[in-house]
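Please open the model in your viewer and keep the sequence panel beside it. This tour goes from one selection to the next and says what is found at each stop.

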Amino acid sequence: MAEPQSLPQASPARWLVVIIPYLWMVLFFLMPFFIIVKIALSDTAIAMPPYTPVFEGFSALGDFISQLDLENFWMLGDDPLYIEAYLSSLRIAVISTVLLLLIGYPMALAMARARTEIRPTLVMMVILPFWTSFLIRVYAWIGILKPEGLLTLLLQSLHILGPDEQVHIYQTDMAVFIGIVYSYLPFMVLPLYSALEKLDGTLLEAASDLGCPPWKAFWRITFPLSLPGVVAGAMICFIPITGEYVIPDLLGGADTLMIGKTLWTEFFGNRDWPLASAVAVLLLLILVVPIAIFQNQQKKVV
C-alpha cells in the first residue's frame, strides 16, 4: 500500500506575500479608522488636540461604556446641513458616474477596436493628464470657465455670443460636473478598455452572419461581456467622487454642498474634530455597500 503523500509546506516567502497586504491594510486603514472612531466618541475641548481623551483610565466594562459618547452621531441626524451634504454628495457622485460612463464607454470601445499597433498610443493619451499636477489641471478650468475666461473669448470670436455677453458656468454645479468628469475620465476608460479588449471578436462576426444588426449585437454581446469593466470603473469613480473636496471648492459656488467641504470646515474652520470624525465615519459606512459590491464583482471576474 502506497504511503499517503504529505501536503507541501508553504515557504516563508509565500507567507510574506500574503501577510504584507494585510499588514498594509491594518497600518494604513484599520488603525487610522479606529483613531477617527475614538475622536468621534469624544467631546470638543479648547486644547490641542481639540477633543477630550477617551478610552483611557478605565479598568472595568462599566467605565468603558460610560465613556462612549454618541452625541456627535445623533447631531448628524438632527442637523439638516449634514443630511443635505450627504444627499448632495451622493447625487453629484451618481450623476458624475453616469456622465463618465456615457463618455468613457465610447472612448474605450473605440480604443479596443482600433488597430493593435496604435492601442498603446491611445492608452498613453488617456493617462497623459496624470503627468500634470491634479491641482494645476483644476485651476486651468477656472481660467476656462470664468466669465472673462477662454470659453467666453472663444464663443465671442465665433460670434455665438455678443461682445458684451459672457458664459456664467464658473461657481455652479455644472462647473463641478465638468471638473469631475475631466479629472476622473481615465479611471473610467481604463477598466472599460481592459474588459473590451478581451472581448472575442468572433462572437460579433457570428452574430452578424446570423443576421443580428450591430445595435442588437452590442446590447446582447458587447455590453453584457463588458459589465465587469463597467462595475469596476463605476466603483473606482463613484467612491472618491462622493468625498471629493478640491473640485467643488475651486469650481463650485457657495450653494455647492458636498460632504468633503463640510469635513474641511468642521476640521479646520470650526475645529470641531469629534463632529468631523463622526461625519467621516458615517461617510465610510455609507460607502461600504459599493465597496462590497465592487469586491464581489471582482471575485466573479476571477
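Begin by selecting Asp272, which you will find in the loop between helix 13 (259-269) and helix 14 (273-301). Keep in mind, here and at every later stop, that you are looking at a predicted model. Does Asp272 count as buried or exposed, and which side chain of opposite charge is nearest to it? Asp272 is buried yet takes part in no salt bridge, and the nearest side chain of opposite charge, that of Arg271, is 9.8 Å away. A salt bridge requires a side-chain nitrogen of Lys or Arg within 4 Å of a carboxyl oxygen of Asp or Glu, so the 9.8 Å to Arg271 does not qualify. If you now show the surroundings of Asp272 and leave aside its neighbours within four places in sequence, the residues in contact with it are Thr44 and Glu266.

**The whole chain**

Clear the selection and colour the model by secondary structure, which comes to 14 helices and 0 strands. Of the 302 residues in the protein, buried ones make up 33%. If you consider the contacts between residues at least 6 apart in sequence, 69% of them join residues at least 24 apart.

**Helix 4 and helix 11**

Next, select helix 4 (residues 80-112) together with helix 11 (residues 227-242), whose axes come within 9 Å of each other and cross at roughly 145 degrees. The crossing of helix 4 past helix 11 is right-handed. To see what makes the contact, show the side chains on both helices: helix 4 contributes residues including Ser89, Ile92, Ser96, Leu100 and Tyr105, while helix 11 contributes residues including Val230, Cys237, Phe238 and Thr242. When the residues of this contact are sorted by class, 12 are nonpolar, 4 are polar and none is charged.

**Ala85**

Stay on helix 4 and select Ala85, which lies in that helix. Ala85 counts as buried because its relative accessibility is 0%, which is under the 20% cut-off. Which residues are in contact with Ala85 once its neighbours within four places in sequence are left aside? They are Leu257, Met258, Ile259 and Thr262. You can also draw a distance from the C-alpha of Ala85 to the C-alpha of Lys261, which gives 8.8 Å in space for two residues that are 176 residues apart in sequence.

**The salt bridges**

Side chains of opposite charge can pair when their charged atoms come close. How many salt bridges does the count come to? The count comes to 3 salt bridges, and you can visit each in turn.

Select Arg91 and Asp173 for one of them, in which the side chains meet at 3.6 Å, N to O. This pair links distant parts of the chain, with Arg91 in helix 4 and Asp173 in helix 8, 82 residues apart. Arg91 is partly exposed, with a relative accessible area of 37%, and Asp173 likewise counts as partly exposed, at 28%.

Then move to Arg119 and Glu197, whose side chains meet in a salt bridge at 3.8 Å, N to O. Here too the pair links distant parts of the chain, since Arg119 belongs to helix 5 (residues 119-127) and Glu197 to helix 8, 78 residues apart. Arg119 counts as buried at 18% relative accessibility, whereas Glu197 counts as partly exposed at 38%.

For the remaining stop of this group, select Glu117 and Arg115, where the salt bridge spans 2.8 Å, N to O. Both Glu117 and Arg115 are exposed.

**Two residues with a positive phi**

Finish in the loop between helix 7 (150-157) and helix 8 (173-197), where His159 is found. Most residues other than glycine have a negative phi. His159, however, has a positive phi of about 60 degrees although it is not a glycine. His159 is also exposed, with a relative accessible area of 72%.

Now select Gln171, which has its place in the loop between helix 7 and helix 8. Gln171 has a positive phi as well, of about 65 degrees, although it is not a glycine. Is Gln171 buried, exposed or partly exposed? At 47% relative accessibility, Gln171 counts as partly exposed.

Notes
Residues are numbered from 1 along each chain as its sequence is written. This is a predicted model: local features need pLDDT of at least 70, side-chain atom pairs count only at pLDDT 80 or more; totals for chains, interfaces and linings use all residues. Side-chain values use heavy atoms; hydrogens and water are left out. Axes are lines fitted to C-alpha atoms, for helices over the stretch in contact, and angles run from 0 to 180 degrees between N-to-C directions. Helices (H or I, at least four residues) and strands (E, at least two) are DSSP runs, numbered from the N terminus. A crossing is left-handed if the near helix is turned anticlockwise from the far one by less than a right angle, and right-handed if clockwise. Contact means heavy atoms within 4.5 Å. Ala, Val, Leu, Ile, Met, Phe, Trp, Tyr, Cys and Pro count as nonpolar, Asp, Glu, Lys and Arg as charged, and the others, Gly among them, as polar. Buried means under 20% relative accessible area, exposed over 50%, partly exposed in between (1.4 Å probe, protein chains only). Lys and Arg count as positive and Asp and Glu as negative; His and the chain ends are not counted.
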